[in-house]
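These are my notebook entries on one protein chain and its ligand. I set down what I looked up, in the order in which I looked it up.

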Amino acid sequence: MSASPEPSPRVLVIGAGAVGQVYGRHAQLGGGAVTFFVRAKYAADLAGGVDMYPLNRSRSQRTVPVRFEGFAVVSTAAEVAARRWDLVIITVSSPALRGPWLAELVAAVGDATIVALQPGRDDRDTILAAGASADRLVSGMITLISYSAPLPDETRFPRPGMAYWFPPLTPAPFSGPDTRVAAVVALFRRGKLPAKRDRDVPRAVAFPSAVMMAYLVALENAGWSFRRLVRETIQQGAQGAREALAVIGHREGRVPLGIRLVARPRILRMGLWFARRAIPLPLETYLAYHFTKVGDQTREFVAGYIARGREAGLPVDALVRLTAALPPGPAH
Ligand SMILES: NC(=O)c1ccc[n+]([C@@H]2O[C@H](COP(=O)([O-])OP(=O)(O)OC[C@H]3O[C@@H](n4cnc5c(N)ncnc54)[C@H](OP(=O)(O)O)[C@@H]3O)[C@@H](O)[C@H]2O)c1
């Protein structure tokens with residue numbers, strides 16, 4: 001008699017937005033039985049399946065939709081508690097983590113591995129405070145770009161769908177308890193989502209996030225225009241990035257050299273020049289669209305750097321000036 005095949009891991013993906021759909025699709029491709037937990041208003045539309053545009057394909061293939069279906073959809077903690085889970089992937093933004101729903105959900109998923117993709121160490125603390133134990137919590141960093149296509153002025157797709165791109169040589173890192181991290185990395189590798197183990201993802205994320213958040217505020221203050229960023233706000237963004245890095249370095253230790261370099265305007269200008277040519281999507285429009293959508297998250301991160309910097313007696317003047325020029329963010 002042949003050995004019975006490995007059972008499919010039962011995967012619950014929390015949130016079916018740009019990131020949730022991609023992790024869900026690749027968990028399914030890796031052999032997972034995928035269920036989405038979504039707000040009730042999205043359940044019916046999602047249940048029939050979605051079109052997706054993986055952009056890591058040849059130019060002619062990129063605009064051909066692939067159908068993602070064959071998953072279940074639930075929208076209450078009671079439905080979650082009624083089933084058993086091996087893996088739970090939380091894909092909502094940092095501010096969306098807060099609220100009683102998280103503790104209800106954590107209580108409902110039994111002893112499943114919980115993967116947190118939110119960028120901050122504070123986010124990890126929020127999930128622990130909601131009842132997840134550290135011995136089953138895996139931290140992951142999102143390295144992909146995904147968005148609800150088409151973006152304004154994007155005419156290449158035949159119909160709406162989720163477009164996404166994995167940057168080369170940048171596998172998504174995961175850290176946490178060994179056997180749980182190994183299972184997560186193996187699932188995603190089987191499903192062709194580039195993934196690797198890392199020692200400490202919250203630390204690895206903290207530095208690039210600090211630089212990115214300061215530059216994002218500078219870009220928002222430049223009306224989401226690269227041209228205006230380079231002409232008007234890049235210096236202030238770079239100064240803010242250095243301040244935010246010092247705040248993170250105070251807690252996490254030495255700032256990696258590569259990250260310090262990006263906090264120099266000349267290096268960012270070169271990076272932008274290269275990125276616009278190498279990334280197969282309209283980068284400027286994507287940044288405007290995505291970071292308007294998660295504008296509350298950016299504001300929260302920068303406010304956190306300012307508060308922690310003040311506590312530690314570090315300079316935060318550039319960060320304060322950057323945020324003072326921002327329009328208010330969306331309420332969550
Ligand atoms: N997209 C990217 O390229 C990218 C890249 C790197 C990092 N990230 C990060 O990944 C996170 C998610 O981004 P995203 O682009 O996937 O955002 P998104 O498209 O807005 O998806 C998040 C989804 O989660 C849902 N949600 C929020 N709270 C929920 C709850 N309590 N229960 C169930 N669903 C809930 C949201 O619903 P509502 O809209 O109704 O609130 C939304 O559908 C953010 O932190 C973002 O910065 C994204």
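Entry 1, the domain interface. I began with the area buried between domain 1 and domain 2, which is about 1900 Å². Carbon and sulfur atoms give 65% of this area. I then asked which three residues supply most on the side of domain 1: Pro119, Arg121 and Leu151 account for 27% of the area that domain 1 buries against domain 2, more than any other three residues. The model I am reading is a predicted one.

Entry 2, the domains themselves. I noted the bounds from the domain assignment, which gives residues 10-199 as domain 1 and 203-324 as domain 2. I found 25 Å between the C-alpha centres of domain 1 and domain 2. To their contact, domain 1 brings 23 residues and domain 2 brings 21 residues.

Entry 3, the shell around the ligand. I counted 21 residues around the ligand, and the ones that come nearest are Val19, Tyr42, Ser146, Tyr286 and Gln297. Sorted by class, I have 11 nonpolar, seven polar and three charged residues in this shell. I also checked which domains take part: domain 1 and domain 2 each give at least three residues to the shell.

Entry 4, polar atoms at the ligand. I looked up three N or O pairs. In the side chain of tyrosine 286, an N or O atom is 2.6 Å from an oxygen atom of the ligand. For alanine 18 the partner is a backbone N or O atom, 3.0 Å from an oxygen atom of the ligand. With tryptophan 101, a side-chain N or O atom lies 3.4 Å from a nitrogen atom of the ligand. I then recorded the cover: the ligand taken alone exposes 890 Å², and the protein buries 84% of that.

Entry 5, elements of the shell. I listed the elements that give two or more residues to the shell, namely helix H1 (18-29), helix H2 (40-47), strand E9 (145-149) and helix H12 (283-293). Which of them gives the largest share? I find that H12 does, with three residues.

Entry 6, backbone geometry. I kept in mind that most peptide bonds are trans and that most residues other than glycine have a negative phi. Against this I noted a cis peptide bond between alanine 149 and proline 150, with omega of about 5°. I placed proline 150 in the loop that runs between E9 and strand E10 (161-165). I noted also that lysine 192 has a positive phi, near 70°. Lysine 192 sits in the loop between helix H7 (178-190) and strand E12 (195-197).

Notes:
Residues numbered from 1 in each chain as written. Predicted model: local features only at pLDDT ≥ 70, side-chain atom pairs only at ≥ 80, totals over all residues. Heavy atoms only, no water. Near = heavy atom within 4 Å. Polar contact = N/O pair within 3.5 Å; in protein donor to acceptor, adjacent residues only side chain to side chain. Areas by Shrake-Rupley, 256 points an atom, 1.4 Å probe, with all protein chains shown as cover. Helix = DSSP H or I, 4+ residues; strand = E, 2+ residues; numbered from the N terminus. Nonpolar A, V, L, I, M, F, W, Y, C, P; charged D, E, K, R; others polar. Domains from an automatic or database assignment. Contact = heavy atoms within 4.5 Å. Buried area = accessible area lost by both parts, 1.4 Å probe.
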